[in-house]
Amino acid sequence: MPTFQKQLDIYQGYNFKKDVQTPVGFITALKVGDVTLKADQTCKDPMAPETDLTVVAVLSGSMWELGVTDANYFTGQISVYNKQQVQMLTYKDLTKVDVEYQFTVYEYDPLEKKYFKCLLPTDDATLKGILEKNGSDLNISVADDASPEVQSPENYAWQIGIKPQPEAQTITVATSFSDKVVKAWGLTVTK
């Protein structure tokens, strides 16, 4: 079965340059349980570089095996404040593992000579998921030490795995500026 997997450029995410065409991605909203992480990092929108985006995380990787019940996996960099919030989540016994989030992964189309959105919730919706489990541990973690890739603003490597809530949602996957497909994510469970 095909898999969507992108290695994303952290440096380009923080320091957008028009003459560099590497894939980038951002999480723009993230709530885990009762904790809402702040969109407190400012980056450039690859499709409109004169426009600022406020983001929760600059992504270094994104993966989804494209199955309706498969998890979304993200790795990236988060701020000091968000690092503290994620660390606290890992120290607590989480009873609420609901996740709400928004994200976009961008790739460059060399034929159109511009960036396009290659993975995102359809219609920029907020996806609803739950933290994935690895055995008895929840799949969320953050590094103790600041990342050396981009030193200012101070940021920390972070990762999360999110399974879909039991409701029908959709994610758009694209291979070019014009070639897109909408894939189901999550199954509705009736009572």
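This passage looks at the salt bridges of the model and at the surroundings of one residue, Ile171.

The model is predicted, so local features need pLDDT of at least 70 and side-chain atom pairs count only at pLDDT 80 or more, while totals for chains, interfaces and linings use all residues. Residues are numbered from 1 along each chain as its sequence is written, and side-chain values use heavy atoms, with hydrogens and water left out.

Four salt bridges are counted, each being a side-chain nitrogen of Lys or Arg within 4 Å of a carboxyl oxygen of Asp or Glu. One of them joins Glu107 to Lys6, with the closest N and O atoms 2.9 Å apart. This pair links distant parts of the chain, 101 residues apart: Glu107 is in strand 8 (residues 98-109) and Lys6 in strand 1 (residues 4-7). Strands (E, at least two residues) and helices (H or I, at least four) are DSSP runs numbered from the N terminus. Glu107 is partly exposed at 22% relative accessibility, whereas Lys6 is buried at 19%; buried means under 20% relative accessible area, exposed over 50% and partly exposed in between (1.4 Å probe, protein chains only).

Another salt bridge pairs Asp34 with Lys96, at 3.0 Å between the closest N and O atoms. Asp34 lies in the loop between strands 2 and 3 and Lys96 in the loop between helix 2 and strand 8, so the pair ties together parts 62 residues apart in sequence. Asp34 is exposed, at 60%.

Ile171, in strand 15 (residues 169-174), is buried with a relative accessible area of 0%. Beyond its neighbours within four places in sequence, its contacts (heavy atoms within 4.5 Å) include Trp64, Leu119, Val181 and Trp185.
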